[in-house]
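Colleague: Could you walk me through this structure? I would like to hear how you reason from the coordinates.

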Amino acid sequence: GKDEEKPRLRVGALSKQSVKLDGVLSEPVWATADSITNLVTIEPDEGGVPAGQTIVKVLGNSKEIIIGAVCHDPDPARIVSFSKARDAELDNEDHLTIVLDTFQDGRTGYVFAVNPSGARFDALVSPQGGEVNSDWDAVWEAGTSRDNGGWSAEIRIPIQSLRFKRGLSSWGLNVQRRVQRLQETSRWSGIKRDYEISQTSQAGILADLPNFDLGLGLSIRPAFTARSEKTAGQNRDFGSDLSLDVTQRLGPNILTSLTVNTDFAETEVDARQTNLTRFEILFPEKRTFFLEGADVFEFGIGLDEAVVPFFSRRIGLFSEADGGEGVEIPIAVGGKLNGQVGNTSLGALVVRTRNVDHLGVPGATMGVVRVKQKIFAESSVGMIATVGDQLGRPGSWLAGADFTYRNSRFLGDKNLQIGVWGLRNGRKGLEGNKSAYGFEIDFPNDLWDNILSSKRICDGFDPSLGFVPRSGVHTWDGAVEFNPRPNWSFVRQMFHEISFSLVDDLDFNLESYALEIKPVDWLLESGDRFLFGVVREGDRPREDFDVFASANRAVSIPAGSYAWTRYILRGALAEKRKISGEVA
């Protein structure tokens, strides 16, 4: 079968002797472990030999797995590594990426990456299209080391940080290394430019897994916060809160969570964004309780930020659209279940919020259920349903279904994705057509990257627990990219793109449009890049709207018809240079 054709790596037994996570594979146990002895390039040549050898080994016991890598480099003084922060984008520097498919289903997985400076990146693989969600964070450690032969890394992942299928003796594994100054990318399995490292259908096999022991699988985290406030002319006001978070594993594949009087004090604040449009902008979820198992709740493909049927920030936060600009609504109690049973992914969430008198927000109970069934080799069909409204609006519900067809062997070795979806919602007093539906056809490959999608979001579609910045519209989006590699001595790849976005109202009256043409976008062998493009845009707001408003002044855009053309000229120096940057 297909698994017999894939490369395999056996897990070495990790004895009671501990591994010091210093990035140096000096412990005796590393010497006896099975090895990946080198990767194969996909850049600059597909199927070539890398400039420096990469050796990867994996150790495991009942509680954890440890991944060790030695990244030889013929010129280690020129290694490109500058990021230190967690979840920094490592694309423009040297780094090593590890992908684990713990259900061995070719659809889901975990991404762990580290650079020579020890910066860590982790993400969930989206089952809806091979993209990744980097807002998810796991408990894991990494140590790195540099010497005159290159750099090395050790990565420890506690088994408690992963969900996995019971009884498997092997997982999916893939490894990819980037050498930035050489613009070189090498990989262990799925050695084609058309495939992304996050496509777990192309992963190799991590064999001889140990018998994992989750213990009780119980985690309890209490928290106590105190506050003191004093206003001029008034007595000092004291207050305190006690909160509790409990997680319980129901076997290796299902996680349940309970939160009481939830404290989100440790949650990272939102990045400031300037909104110059008349539509609400989407801020990503950063609260751990909602991020755990977020991949299970993802719905459809091609929806982007235009339709999110379940948007967890509608629970516990009074949004900008409601006039609250992110004000917290206290969560009294919440429960959550997510995981996989056989070929079925399931997620459920129930939350009760407290009333907030000064916002006029009553206490409310809300819930969501998501079920997704794997079909064919890489595809899925599913449903989603939500109920409740934290603003207290009665009769709020949503239901929908989606089908996603994925094939990484289309025409032999090409990627093809086709998705269709439909949603309907209800709420007392909500007028108009309360449905939304759409499709996407995506052919994401190296030479040709083509996409076409359409969404019809009717005027009455306004889900209480969803994110829909623009309703009463029919949208068309598409792009054709032709990206040849000319085999010139100084040009790595040329990108030629024509893309468009068209928004009509439901009576086919044009509301806005954008057309972008990039006749020149060249990536040089040095890593430098330059681009020339033309963008033609238009917008026809039906009503005046404010792009800025304060107590003293407001900037308003009158209703009317607007059109403008932008010319893009951009040059970027490669990150390998002592001085790099971009001019646009």
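Colleague: Is alanine 401 buried, partly exposed or exposed?
Modeller: Keep in mind that this is a predicted model. Alanine 401 sits in strand E24, which covers residues 397–410. Its relative accessibility is 43%, and partly exposed is the class between 20% and 50%. Alanine 401 therefore counts as partly exposed.

Colleague: Which residues is alanine 401 in contact with, leaving aside neighbours within four places in sequence?
Modeller: Contact here means heavy atoms within 4.5 Å. On that basis, the partners of alanine 401 are Phe299, Gly382, Met383, Val420, Trp421 and Gly422.

Colleague: How many Å apart in space are alanine 401 and glycine 429?
Modeller: In sequence, 28 residues separate alanine 401 from glycine 429. From C-alpha to C-alpha, the distance between them is 24 Å.

Colleague: Let's move on to glutamate 285. Is this residue buried or exposed?
Modeller: Glutamate 285 lies in the loop that runs between strand E17 (254–260) and helix H3 (288–291). The cut-off for buried is under 20% relative accessible area. Since glutamate 285 has 9% relative accessibility, it counts as buried.

Colleague: With which side chains does the side chain of glutamate 285 make polar contacts?
Modeller: One such contact, of 2.8 Å, links glutamate 285 to the side chain of arginine 287. Another, of 2.6 Å, involves the side chain of serine 312. Setting aside residues up to four places away in sequence, glutamate 285 also touches residues including Asp135, Phe290 and Leu291. The polar partners you asked for are arginine 287 and serine 312.

Colleague: Now the whole chain, please. What radius of gyration does the protein chain have, beside that of a compact globule?
Modeller: The C-alpha trace spans about 70 × 60 × 55 Å along its principal axes. For 584 residues, a compact globule would have a radius of gyration near 25 Å. The value for the protein chain agrees with this, at 26 Å.

Colleague: What share of the contacts with a separation of 6 or more comes from residues 24 or more positions apart?
Modeller: For background, the protein chain has 4 helices and 36 strands, and 51% of its 584 residues count as buried. Among contacts with a separation of 6 or more, the share from residues 24 or more positions apart is 60%.

Colleague: And how far apart are the centres of the positive and negative side chains?
Modeller: Lys and Arg are counted as positive, Asp and Glu as negative. The protein chain has 65 positive and 80 negative side chains, and the centres of these two sets are separated by 2 Å.

Technical notes:
Residues are numbered from 1 along each chain as its sequence is written. Side-chain values use heavy atoms; hydrogens and water are left out. Helices (H or I, at least four residues) and strands (E, at least two) are DSSP runs, numbered from the N terminus. The radius of gyration is taken over C-alpha atoms; the globule rule is 2.2 Å times the number of residues to the power 0.38. Buried means under 20% relative accessible area, exposed over 50%, partly exposed in between (1.4 Å probe, protein chains only). The place of a charge is taken as NZ of Lys, CZ of Arg, CG of Asp or CD of Glu. A polar contact is a pair of N or O atoms within 3.5 Å; within protein, one must be able to donate a hydrogen and the other to accept it, and residues adjacent in sequence count only if both atoms are side-chain atoms.
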